[in-house]
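Trainee: I keep meeting words like "buried" and "salt bridge" when people talk about proteins. Could we go through one together, so I can see how each label is earned?

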Amino acid sequence: DFPAGAAPEERWEEARKLFEDGDFVELPVIGSNRGGLVVGWNGLRGFVPASHLVCLAPFLEERERQAELQRLVGARLRLRIIELDAAQSRFVLSERADVLDEDRRRDVLDALSPGDIRPGRVTNLCSFGAFVDLGGVEGLVHVSELSWGRIEHPGDVLKTGQSVDVYVINVDRERGRVGLSLKRLLPDPWQSVNERYQVGQMVDGVVTHIVDFGAFARVEEGLEGLIHVSELADFDVSNPRDVVRVGDTVKAFVISVDGERKRLGLSLRQAGEPFLTG
């Protein structure tokens, strides 16, 4: 960064060089407005339109959109200058800007087909999924396609900059959108659940989620069973949290298996005491 006393023309000259070279720069978000984000750099203020933000879902309602923009204040984003007008003291940046030219990007997009398995690099992690660069085109791995198991946030399983292999689900060439999956490169544990689990079997599990009607316990990666509130204890349970907590290790009795509907019923009540093992 420039010293505090650097002349404005020096700052704009540096911005012009970045613009012409197409280099990326990591900048802090210092504010937000209805249209996007304000970033600071060398005493200058730049604008990032909401449409050029990777982690802003297009289907958000206005209130949710503004809340998401406000949440990004204080974050640092990797950006490229896409418009520069020193005379108007204006420069616009993009998080989506591609390093490659449009022709190259189109070639990469045209070469993709559903069913392809491609190497990529994780560029951004958002609440609804992860963006992966496939060599000039970014695709989205929705959070539901990250794992066969329950994922609270993509950051639980991926890191920015990580190299991954992805499965191409769909390609929308007109809109330049690519849907990707990680879990489809792994076997679906539900496909063979009827062969591996039987009614009456005792299993170890970890409580992952508690709801009003019971608790879910992970018995293996990607496979969770429901312990209905009526199967939590020998007595009436009004609040499942009175019996188990997230993270508890339990011994459970298998009471139903339905691979087609992806359902596994478990019971602590029928498992005997003690059902808590950790």
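Mentor: Sure, let's begin with a pair of residues: Val211 stands opposite Gly214 in S12. Keep in mind that this is a predicted model.

Trainee: What makes strand S11 and S12 a pair?

Mentor: Two strands pair if there are at least two bridges between them. Strand S11, residues 202-211, and S12 have five bridges, running in the antiparallel sense, so they pass the cut-off of at least two.

Trainee: And how do you know that S12 and S13 pair?

Mentor: Use that rule again. Strand S12 (residues 214-220) is joined to strand S13 (residues 223-228) over six bridges, in the antiparallel sense. One of the partnerships is Glu220 with Leu223 in S13.

Trainee: What lies between S12 and S13 in their hairpin?

Mentor: Two residues separate S12 from S13, and Gly222 in the turn has a positive phi of about 85 degrees.

Trainee: Which way does S13 run against strand S15?

Mentor: Those two are parallel, and two bridges join S13 to S15, residues 263-267. The cut-off is at least two, so they count as a pair. Leu226 has Gly265 in S15 as its bridge partner.

Trainee: What do these strands build, and in which order?

Mentor: A closed barrel of five strands, S11-S12-S13-S15-S14, with mixed pairing. From one strand to the next, the twist averages 50 degrees.

Trainee: Which strands close into a barrel with S6?

Mentor: The order there is S6-S7-S8-S10-S9, five strands with mixed pairing. Neighbouring strands of this sheet are turned by 50 degrees against each other on average, ignoring direction. Within it, S8 and S10 run parallel and are joined by two bridges, with Leu140 standing opposite Gly179 in S10.

Trainee: Why is Ala130 called buried?

Mentor: Buried means under 20% relative accessible area. Ala130 has 0% relative accessibility, so it counts as buried. You'll find Ala130 in strand S7, residues 129-133.

Trainee: What is Ala130 in contact with, beyond its neighbours within four places in sequence?

Mentor: Asn124, Leu125, Gly139, Leu140, Val141 and Leu158. Here's another thing to look for: Ala130 and His142 are 12 residues apart in sequence and 6.5 Å apart in space, C-alpha to C-alpha.

Trainee: Why is Leu186 called exposed?

Mentor: Exposed needs over 50%. Leu186 has a relative accessible area of 52%, so it earns the label. Leu186 is in the loop between strand S10 (177-181) and helix H4 (193-196). Together with Ile117 and Leu185, Leu186 makes a nonpolar surface patch of about 270 Å².

Trainee: Now charges. What makes Glu13 and Arg16 a salt bridge?

Mentor: The rule asks for a side-chain nitrogen of Lys or Arg within 4 Å of a carboxyl oxygen of Asp or Glu. For Glu13 and Arg16 the N to O distance is 2.2 Å, so the pair qualifies. Both lie in helix H1 (residues 8-21), three residues apart, which is about one turn of the helix.

Trainee: Are Glu13 and Arg16 buried, exposed or something in between; what are they called?

Mentor: Partly exposed covers what falls between the 20% and 50% cut-offs. Glu13 is at 41%, so it is partly exposed, and so is Arg16, at 31%.

Trainee: How do you know that Arg173 and Asp110 form a salt bridge?

Mentor: The closest N and O atoms of Arg173 and Asp110 are 3.7 Å apart, and the limit is within 4 Å, so the pair counts. This pair links distant parts of the chain: Arg173 is in the loop between S9 and S10, Asp110 is in helix H3 (residues 102-110), and 63 residues separate them.

Trainee: What does the salt bridge of Arg184 with Glu145 tie together?

Mentor: In that salt bridge the closest N and O atoms are 2.9 Å apart. Arg184 lies in the loop between S10 and H4 and Glu145 in the loop between S8 and S9, so the pair ties together parts that are 39 residues apart in sequence.

Trainee: Why is Glu145 called buried?

Mentor: Its relative accessible area is 11%, so Glu145 is buried, whereas Arg184 is partly exposed, at 41%.

Trainee: How many salt bridges does the rule give?

Mentor: The count comes to 14 salt bridges.

Methods
Residues numbered from 1 in each chain as written. Predicted model: local features only at pLDDT ≥ 70, side-chain atom pairs only at ≥ 80, totals over all residues. Heavy atoms only, no water. Patch = residues over 30% accessible without salt bridge, like charges linked within 9 Å, V, L, I, M, F, W, Y side chains within 5 Å. Areas by Shrake-Rupley, 256 points an atom, 1.4 Å probe, with all protein chains shown as cover. Helix = DSSP H or I, 4+ residues; strand = E, 2+ residues; numbered from the N terminus. Buried < 20%, exposed > 50% of the residue type's maximum accessible area, 1.4 Å probe, protein only. Axes fitted to C-alpha atoms, helices over the stretch in contact; angles between N-to-C directions. Contact = heavy atoms within 4.5 Å.
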